[in-house]
Number of protein chains: 2
Amino acid sequence: MRDLRAVVYGVGAMGSILTRLLLDKGVKIVGAVGRSPDKVGRDLGEVAGLGRKIGVAVDSDPRRALAVGADIAVVCVSSYLSTMRDHFAVCLEHGVNVITIEEETVFPWSTAPDHAAELDALAKSNGVTLAASGAQDVFWLHLVGTLLGASHKVEAVEGHCAWNVDDYGPEVATHVHVGDTPEAFERHIAEHGWPDFVVRATLEALVSELGLSATSWSSNVTPVLADEPTLCRSQNRAVPSGHLLGIVDSTEVQTAEGLHFKFSMEGRVYREGDSDTNEWRIRGEPDLHLRNEHVSYRFTTCSSIVNRIPDVIRAEPGLITLDRLGKPSYKHGALG
Amino acid sequence: MRDLRAVVYGVGAMGSILTRLLLDKGVKIVGAVGRSPDKVGRDLGEVAGLGRKIGVAVDSDPRRALAVGADIAVVCVSSYLSTMRDHFAVCLEHGVNVITIEEETVFPWSTAPDHAAELDALAKSNGVTLAASGAQDVFWLHLVGTLLGASHKVEAVEGHCAWNVDDYGPEVATHVHVGDTPEAFERHIAEHGWPDFVVRATLEALVSELGLSATSWSSNVTPVLADEPTLCRSQNRAVPSGHLLGIVDSTEVQTAEGLHFKFSMEGRVYREGDSDTNEWRIRGEPDLHLRNEHVSYRFTTCSSIVNRIPDVIRAEPGLITLDRLGKPSYKHGALG
């Protein structure tokens, strides 16, 4: 068994956690791609906060980093397939499999069909796989799909999760309008809308895995307001009472077979004692329920990605949606 | 797509629920096997409490029932592979796949290796599959295995479930010593021991699925005592304070890789408001947690069995342990 060779593509907060986890699992990191001037040229071990060098410099040129040859690129740069298209393409063109935390890639065929088709063809022509994972893999797709294996007749599937905005830095807090007044938030939504995204892609994968046909989708976003002044740690300021702590992003889908799915994702600044949760209820015969406490979505996004690497390398070429990657599993010891 | 053809082998409480669920899913029931004189010769629909005939008489001779040809026998007669050997063998000899609620069949290679080897060979030589499912499939094996897909490093896995003794009739209540004094119970255990069973087989499958090697097993059974007089509905009598409401059956396993597993199954007479539960904690990086409320183990054992039928028919020939059946899944509409 030879070492798995990986390129860490994107060296922000998630790329840093991933660097440590990959090394823990015996993966040989052969390249690193970054763009921030204060990171380019430095050793990845130092950039990732390991406190030691690992002999890999952060390179601003993905072509150079990929040219050394790798089994997989672990890509964590940004969200939306349209934004990530060039980053994925360069990996695939170099014959390198891609696993990414980019959320739309979980199931992009409805929301970004042109990019999906192009990248699928590119992956196939290079004999490699493009796939996404993250906390949704275990917690919102496969735990739910597995639980449904105990259902005789499903009428509705409803999920709710909560994640801590402060786990992801000040940009994410701004993105979910932390600190805005409800009026400013509503004006923004009225003008710009709110894109279908993580919640939609997850439900797309779930509906696909069950072999059902979606007939209608609807999404909405609602504000979560502070009922007392609350510290936003990532922005280092207090959110006044009555202003936004975050949002609830909801998507519903109806299927031709008569099943209804709804998933709500609540991203907000946490108060003392709050922790990430995941809860699903299935209505039907019988009613079923599942709850996870202390999910640590930020960390489990990274650990899920690492456990998926062998599955992605083994998968057939193309863009493989998360419902087609098989059951997630724990890989003890070195990956290979 | 032609109808799936099934023989219901065992027409007690579980076989009756299964009869309804199979018909709901468009399965054609072509035979039924029973032994109770008050059931043999009667129509399965009436025996199963459907209130209508379905044109299949309960037959005391499994050979006659199986001779009509079927894709699968749904076998729910009794527990332990040694007890069930002849029932499974007659199905396999007739070229009929078997799915069973018999709990040891989940993973019998350590506790009943000779019977397992014989039935595996018999299934292979007849080109059919023998496999078990039930509530352990979703709740104790695959939900846990899926959750572990979010683990970076696992140190220990601990599960606890509770099931209602009164859901399974007076024999089961007697089997778990409901109403005994603690002294009588301890005497019985000292004389007869307590067989490794459901808990052991489930952990065997989990350890196997993770590719780990068990180095030591230990099991124990402890009484659950009534702290007030409590009605045992299945026996229609009150359990006096201080006497047994049931038992907790626990098994622990240590693996060569340093992981520790413990699973405890609490079977007792329920008090008002109690319901079946399932809870697992994983210690490691990160700590993880999962809980299901209102599990309805009796019903979900039956619904899991029905959802597994296409998987068993598709599986390779032989005795296929539950870790090798793949992820459980919901089958909407008619099976096929």
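This section describes the fold of chain A and the assembly of chains A and B in a predicted model.

The secondary structure of chain A consists of 10 helices and 15 strands. The C-alpha trace of this chain extends over about 50 × 50 × 40 Å along its principal axes. The radius of gyration of chain A is 20 Å, in agreement with the value near 20 Å that a compact globule of 336 residues would have. Buried positions make up 49% of the 336 residues of chain A. Among the contacts in chain A with a separation of 6 or more, 73% join residues that lie 24 or more positions apart.

Two domains are assigned in chain A. Domain 1 combines residues 5–134 with residues 299–324, and domain 2 covers residues 152–285. The contact between them draws on 11 residues from domain 1 of chain A and 11 residues from domain 2 of chain A. On the side of domain 1 of chain A that touches domain 2 of chain A, 5 residues are nonpolar, 3 are polar and 3 are charged. Taken over C-alpha atoms, the centres of the two domains of chain A are separated by 26 Å.

The relation between the two chains was examined by superposition. A turn of 180°, with a shift of 0.0 Å along the axis, lays chain B on chain A with an RMSD of 0.0 Å. The two copies are thus related as by a two-fold rotation axis. Of the residues of chain B, Arg291(B) comes closest to this axis, its C-alpha atom lying at 2.6 Å.

At the interface, 39 residues of chain B are in contact with 38 residues of chain A. Three elements of chain B, namely helix H6 (135–147), strand S14 (288–292) and helix H10 (297–314), each supply at least two residues of the side that touches chain A. The most is given by H6(B), with 8 residues. By class, the side of chain B that touches chain A comprises 16 nonpolar, 17 polar and 6 charged residues. Of the interface residues of chain B, 97% are also interface residues in chain A, so the copies meet through the same surface.

In summary, chain A is divided into two domains, and its radius of gyration agrees with that of a compact globule. Chains A and B are related as by a two-fold rotation axis, and the copies meet through the same surface, to which H6(B) gives the most on the side of chain B.

Note on methods:
Residues numbered from 1 in each chain as written. Chains lettered and ligands numbered in written order. Predicted model: local features only at pLDDT ≥ 70, side-chain atom pairs only at ≥ 80, totals over all residues. Contact = placed C-beta atoms within 7 Å. Helix = DSSP H or I, 4+ residues; strand = E, 2+ residues; numbered from the N terminus. Nonpolar A, V, L, I, M, F, W, Y, C, P; charged D, E, K, R; others polar. Rg over C-alpha atoms; globule rule 2.2 N^0.38 Å. Buried ≥ 20, exposed ≤ 12 C-beta atoms within 10 Å, placed from the backbone. Domains from an automatic or database assignment. Least-squares fit on C-alpha atoms with pLDDT ≥ 70 in both.
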